[in-house]
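Open the structure in your viewer and keep the sequence panel beside it. The stops below each begin with a selection to make and go on to what can be found there.

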Amino acid sequence: MNAITPSDRGLAPFEARLSSFQDATRKAAAGDLALTGLPGPRVEAWHYTSLRALNSYIFNEPDTCFNESAVQVILRSLIPQSGCLEPLPRLVLVNGRVVPALSSPAASLPEGVTFSAFSGSPDFGMQASPQRDPLVALNTALAVDGIKLVVEPRVKAGRILLISLAMSSSGAISFHPRHSVTLGEGASLTLIEIAAGSEGPGAYFHNPVLSCSVAEGAHLEHIKLQREAADAIHLATVYADIASHATYESFTLGLGAVLARHEVHATLRGSHAGVHVNGAQLLGSGQVGDITSVITHGAPDCISRQTVRNVLTDRARAVFQGKVLVERVAQKTDGYQMNQALLLSPTAGIDAKPELEIYADDVKCSHGATVGALDEEQLFYLRSRGIPDAGARQMLVEAFLTEAADLVQDEVAHAALGTALTEALVSRIAAWENAS
Amino acid sequence: MTDLLKISGLHASIDADGKPKEILRGVDLVIPPGEVHAIMGPNGCGKSTLSYVLAGREEYDVTSGSVTFMGRDLLDMEPEERAAAGLFLAFQSPVELPGVNNANFLRTAVNAVRRARGEAELDAVGFLKAVRAATKNLSMSDDMLKRSVNVGFSGGEKKRNEVLQMTMLQPTLAILDETDSGLDVDALRIVAEGVKNLRSPKFSALVITHHQRLLDYLGPDRIHVMARGRIVRSGGPELAKQIDAEGYASFLAEAA
Amino acid sequence: MPAITETREQVEKLGQSSYKWGFETDIEMDVAPKGLNEETIRLISARKEEPEWLLEWRLAAYKAWLTMTEPSWAKVVYPPIDYQDAHYYAAPRKKPGPKSLDEVDPELLRTYEKLGIPLHEQALLAGVEVPEGEEARLPVAVDAVFDSVSVATTFRKTLSEAGVIFSPISEAVRDHPDLVRKYLGSVVPAGDNFYAALNSAVFTDGSFVFVPKGVRCPMELSTYFRINARNTGQFERTLIIVEDGASVSYLEGCTAPMRDENQLHAAVVELVAMEDATIKYSTVQNWYPGDENGLGGIYNFVTKRGACRGARSKISWTQVETGSAITWKYPSCILQGEGSVGEFYSVAVTNNHQQADTGTKMIHIGRNTRSTIIAKTISAGKSDSTYRGLVRMLPKASNARNFTQCDSLLIGDQCGAHTVPYIENRNMSARIEHEATTSKISEDQMFYCRQRGLSQEDAVGLIVNGFCKDVLKELPMEFAVEAQKLLQISLEGSVG
């Protein structure tokens, strides 16, 4: 590991790679970044989540070759033969690059769905804002590959699996995939995204940007399962533009990485559109998990819903930031947001900032937040029925997280999340019981 | 003496998804002082719309016709001016006013109306005396005065609260919009007594109802049948009995 | 209560719209030259015949201030303030000798009368009304601060018999130097933030309250602040210390003349509550808000903080904020004593071009500490109003509890209402509950009221008062009535 002195702007880990760009977009992004640097705690959007961890490394561009048998092992653990995910068409990236050999052949994708690799013809799209979001600027400057999916109008594309694997190498690596998903009018798609990686000698930093465009009447369900390696850093940004009568429903489950952030910018651009930005995190040891969202109501008669639940053991800390912005035109907005956290250890912590910014008068917006330990009355009730303390606790924790995961409509995605959640609970709770 | 209320050729519509939807299609109705009239008609015929238009609800667009109330152009008046002039609407489903104390609301309303009528305002003692007497007649508990307006009130409590307000505001014309719906027999009797107590040569009522029972208590002077946005038939109390026995079918045929 | 009854009647007489406290008092003033530098600070300190330590304290604060920048995180927008373009000391020219009411400039007394605050104890006593069914209420002792100095404090004799010290802070520096030195800056340190540092450097007067062990202050204490002079800022400093088992209720009211310039008000309030002590601090803030085009008005940048140092101590902030062009204010509680209680009840109303960014901080340090936050935000016209609040549970705050309820009401479609809570928990047994809603006055509610004969404005007033009820009921009765009227006046012209 190459320890370096942290630079003023926090860009030292990438310094060597942030120069001599040819194309204008990358050049501009690198310029923006040089100007602002990576955000520190004085930047309101990053007040609670520190990027200091990045400064322990110099992140190199990953090698294109990797140990294929090791990849197969991980893939099998992620997608067991018997599992419901097995038959789905899949797109697999290793260290930020699409690997056709591991992905389903283009012909096996549903009719009306076209796939192309970002590396073939880089297209940054119009949704991302590198000027405002420094991590998106970093991605824009350094993106090498990614997936581009287009679903033709009125095509029901079913489910597609997007797997992003990290294979560690001797030194620290970072990869910055750039994805886009475009749904035509009346189309539908369930995108199941899994991010995972191998434990190894070198840490990695996964910095994806996904732009979703959902045309009139279309429906995109986006489920993400983040189970990166224990020392990994995962900082993802999702943009979703939602046209009238369209919906974007998302759920993210955060389990892995030492530092993770899932940041969503969803914009309701047409009337009668809807957005769900749900999620759950189950964190332990010294993990920091951050779910940040900005939901912008830019049109009247739209609905937004957000439910996020956190379970924190050991020294874990969760961050929730959720802003609902209702623009002047967005009359008859219906917005609801709920963030809840269970603290299971005296050294765990949560920082939450639910935020309403409202400029239209005829709206119904509310948010709520609760933070606390398990309910003693419920515990007592379970125990009085003969369930031992540990079992009762686990039951309540599981119920707490399962309720959140139940918001996922797609059965296959729901089942996959359930399996991952149960596994994680068993190991987390075991670690927690041993510790206490 | 002129008519108390005179409605002529009243047309009114409401905005439905950007397009005007006509609900009242030429209502003609006259109520002389001291009389109780009833409007009956199938759901959706425009009865509640008529009550809202008379009370001055802004969502409704009066496209033509006229309404005079005590010789004044009613349609030209603000809702509170209509109230001060003596027009009272007992709402079918009264809205809740969280945090607004019921007694305070009532006193504010009573004094606003008294002020507008050039009468002396009631002081706290005078008001309390009057309101206690009124609640007693309606078998209401004092507790209801302490609660927020209509918040957590049962259906019957809300209706009694409407009648309480009517008693206190002493209107010249009360429009009762299905004040009898959702009431059990005892509550209905209490409410009806409340209205009956106001009967005098200076008090008229327009009762919107589906049921014969309230009319039996009140003894209306005239019955009007409304269908498809118009009054299609008017007659004496026997008309109500005919409807009770035969339904609206024959009237609907007339209106078509 | 007489002071308030008169104020209320004044308000009633106002009838129609706009700010009626906007008159100016023509009075001979002693004004320091414009500008802020060590010289100004030395001059203020010399005028007040302060001891050396206080001068040093001011100068240290000034040095700290020079290194600081204005906070920019609040959701308020205003042109840069030229801190050199203001007077930092303005006082009614007074005769030498001990201050008694008889010696107060009659013009000044008339001003306070206009404001509805009779200073004459006789008048006060004579004016005591006993509302029907109410017990006789205790009179209110008033400290009146005119620009930079306290001009009169009433009822001091009665209070001192009970052992309560209620005096201008400049006098307390002289008469009770040990107390002031011990507590000044102990809750809000001189370098706490930009405005607090500025205040520490140039504060001119304010109230000092000391309630000794076991004493329940026999009457409500009240301060009326008035900015009169042109181009002056007002920098008052209030320090309230309540010892073990003692209690006090303190009321604060503020007005200023109408001017088309912006004037700065940067006050600091420090409260210290020892074991089993209770402090209730109520504010009705009605500084001049500027005209309907956003011209003029007070910049109200205030630091208020209370320390619950002793076990089971309680500090309760209640505020009704209707005035000021810009409000930047977060009355806070540091809940250190075991089982101590912090409360924050707030109504913030903005209209026309007003901006408010206000809320609270509840810092839970001790075990079993409790806090409650009820904030009601009402925006009308082209105004913006933000609730910003922090609830922080530190690792030792076992079994601490917080409940927060923030409700916003928008009147019209040209305004904004925002809610920005910060929730930080580091203790697993602590519990935080936060709820926020945003809505408008429904057409149904308006129509219902109007059908019952209320005018549009009365209906809005009634519904808004209902919306604010949970906060208004926390105010002392006489203040609550005044606050209700103020709410209605503040919202005039916002409907129809």
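**First stop: two helices in chain C**

Select C:Arg58, C:Ala61, C:Tyr62, C:Ala64 and C:Trp65 in H3(C), which meet C:Phe194, C:Ala197, C:Leu198, C:Ser200 and C:Ala201 in H9(C). Contact here is defined as C-beta atoms, placed from the backbone, lying within 7 Å of each other, while helices (H or I, at least four residues) and strands (E, at least two) are DSSP runs numbered from the N terminus. The residues of this contact divide into eight nonpolar, one polar and one charged, where Ala, Val, Leu, Ile, Met, Phe, Trp, Tyr, Cys and Pro count as nonpolar, Asp, Glu, Lys and Arg as charged, and the others, Gly among them, as polar.

Before moving on, note that this is a predicted model, in which local features need pLDDT of at least 70 and side-chain atom pairs count only at pLDDT 80 or more, whereas totals for chains, interfaces and linings use all residues. Residues are numbered from 1 along each chain as its sequence is written, and chains are lettered from A and ligands numbered from 1 in the order in which they are written.

Now show H3 (residues 52-66) and H9 (residues 194-202) of chain C in full: their axes come within 7 Å and cross at roughly 145°, the axes being lines fitted to C-alpha atoms, for helices over the stretch in contact, with angles that run from 0 to 180 degrees between N-to-C directions. The crossing of H3(C) and H9(C) is left-handed, a term used if the near helix is turned anticlockwise from the far one by less than a right angle, with right-handed used if clockwise.

**Second stop: the rest of chain C**

Colour the whole of chain C, which has 13 helices and 24 strands. Of its 496 residues, 60% are buried, that is, have 20 or more other C-beta atoms within 10 Å of their own C-beta, placed from the backbone, while 12 or fewer makes a residue exposed and a count in between partly exposed. Among contacts in chain C between residues at least 6 apart in sequence, 84% join residues at least 24 apart.

For one residue in this chain, select C:Ile411, which lies in strand S22 (residues 401-411) of chain C. C:Ile411 counts as buried because 23 C-beta neighbours lie inside 10 Å. Add C:Ala380 to the selection: the two residues are 31 apart along the chain, yet their C-alpha atoms are separated by 4.7 Å.

**Third stop: where chain A touches chain C**

Show chains A and C together; their contact takes 32 residues from chain A and 30 residues from chain C. On the side of chain A, strands S20 (349-358) and S21 (364-372) each supply at least two residues, and the largest share, 10 residues, comes from S20(A). The residues on this side of chain A divide into 16 nonpolar, seven polar and nine charged.

**Fourth stop: where chain B touches chain C**

Hide chain A and show chain B, which gives 23 residues to the contact with chain C, against 17 residues from chain C. Helix H2 (79-85), strand S7 (97-101), helix H3 (102-116) and helix H6 (155-169) of chain B each give two or more residues to this side, with the largest share, six residues, coming from H3(B). The side of chain B divides into 17 nonpolar, three polar and three charged residues.

**Last stop: inside chain B**

Keep chain B alone, with its 10 helices and 12 strands. Its C-alpha atoms fill a box of roughly 55 × 45 × 40 Å along the principal axes, and buried residues make up 44% of its 256 residues.

Select residues 47-55 of chain B, helix H1, where nine of the nine residues are buried, among them B:Leu50, B:Tyr52 and B:Leu54. Just after H1(B), B:Gly56 takes a positive phi of about 95°.

Finish at B:Ser139, in the loop between helix H4 (124-137) and helix H5 (143-146) of chain B. B:Ser139 has a positive phi of about 50° although it is not a glycine, and B:Ser139 is partly exposed, with 13 other C-beta atoms within 10 Å.
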